[in-house]
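Reader: I'm new to this and a bit lost. Could you pick one spot in this protein, take a close look at it, and then work outwards from there?

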Amino acid sequence: MSEKLPLKMRRKDRQITQITDIEAIIKKADVCRIAFADNNTPYMVAMNFGYVRGNPSRLYFHCANTGRKIDLIRKNNYVCFQMDTDHVLVPGEIACDYTMTFQSVVGYGRIHILTENEEKIVGLNLLMGQYTEKDEWTYEESMLKRTTVLRLDIETLTAKRKDDLS
């Protein structure tokens, strides 16, 4: 894995550094939030995704052929992404004693618009594999033309877990 691990984290006691543990969170997540920068204005969107470990590891997404995401990628393809799972409210005696357990992943990378059908199919199969037991599908040419597939090459990645009352 080529990603820089870990990013600087204040609560080192919650940090997850083993890639297999990070990938377990990714596998469990049902959406990935991508944060784009538009000059000084952030824009974040939650998307379905697929993941593959590699050099670099990658996330794949799909969307319409036009829209704000596509415009922002063409202006600046450096993005931040985030996903989280296992939220459980832990009650306390008073309001500020309440807490929540969770697991989360945050990373940065470059996102690209794919143009070749072969790579689009790879990305779509990984995306389908995230949500189903099946990871090989067939796609009609007309569907591939009207669907944009995005590939995010992960540059940095970190994860943390809060599963106790600390």
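Author: Let's start at Asp-86, which is partly exposed because its relative accessible area is 31%. (Buried means under 20% relative accessible area, exposed means over 50%, and partly exposed is in between, using a 1.4 Å probe and protein chains only.) Before we go on: this is a predicted model, where local features need pLDDT of at least 70 and side-chain atom pairs count only at pLDDT 80 or more, while totals for chains, interfaces and linings use all residues. Residues are numbered from 1 along each chain as its sequence is written, and side-chain values use heavy atoms, with hydrogens and water left out.

You'll find Asp-86 in strand β6. (Helices, H or I with at least four residues, and strands, E with at least two, are DSSP runs numbered from the N terminus.) The odd thing about Asp-86 is its backbone: phi is positive, about 60°, even though this residue is not a glycine. That's worth a second look, because most residues other than glycine have a negative phi, and most peptide bonds are trans.

Asp-86 has company in this. Asn-39, another residue that isn't glycine, has a positive phi near 60°. Its home is the loop between β2 and β3, and at 71% relative accessible area Asn-39 is exposed. There's a backbone quirk of another kind in the loop between β4 and β5, where Pro-56 is found: a cis peptide bond joins Asn-55 and Pro-56, with omega about 10°.

Now back to strand β6, which also holds Phe-81. With a relative accessible area of 1%, Phe-81 is buried. What does it touch? Skipping neighbours within four places in sequence, the contacts of Phe-81 include Cys-32, Ile-34, Leu-59, Val-105, Tyr-108 and Leu-152. (Contact means heavy atoms within 4.5 Å.) Leu-59 is 22 residues away from Phe-81 along the chain, and their C-alpha atoms are separated by 9.7 Å. In the protein as a whole, 73% of the contacts between residues at least 6 apart in sequence join residues at least 24 apart.

Two names on that list are good places to go next. Take Cys-32: it is buried, with a relative accessible area of 0%. The closest cysteine sulfur belongs to Cys-80, but at 9.0 Å from the sulfur of Cys-32 it is too far for a bond. In fact the structure holds 0 disulfides. (A disulfide here is a pair of cysteine sulfur atoms within 2.5 Å.) Cys-96, on the other hand, counts as exposed at 75% relative accessibility.

Before Tyr-108, a word on rings: the whole structure has 3 aromatic pairs. In one of them, Phe-36 and Tyr-43 have ring centres 6.1 Å apart and planes at 35°, so that pair is tilted. (Rings of Phe, Tyr and Trp, for Trp the six-membered ring, pair if their centres lie within 6.5 Å; planes under 30 degrees apart count as stacked, over 60 as edge-to-face, and the rest as tilted.) Another is Tyr-78 with Tyr-108, which is stacked at 6.1 Å centre to centre with 15° between the planes. This pair links distant parts of the chain, since Tyr-78 is in strand β6 (residues 78-90) and Tyr-108, 30 residues apart from it, is in strand β7 (residues 99-113). Both count as partly exposed: Tyr-78 has a relative accessible area of 33%, and Tyr-108 is at 30%.

Strand β6 also helps to cover a helix. The buried residues of α1 (residues 19-28) are Ile-19, Ile-22, Glu-23, Ile-25 and Ile-26. They span an arc of only 155° around the axis, which puts them on the same side of α1. (The arc is that of the directions from the helix axis to the C-beta atoms.) Thr-20 and Lys-28 are exposed on the face turned away from that buried side. Among the elements covering the buried residues of α1 are β6, β7, α3 (117-131) and β8.

Finally, step back to the whole thing. The protein has 4 helices and 8 strands, arranged along the sequence as β-α-β-β-β-β-α-β-β-α-α-β. Of its 166 residues, 43% are buried. Its C-alpha atoms fill a box of roughly 60 × 40 × 30 Å along the principal axes.
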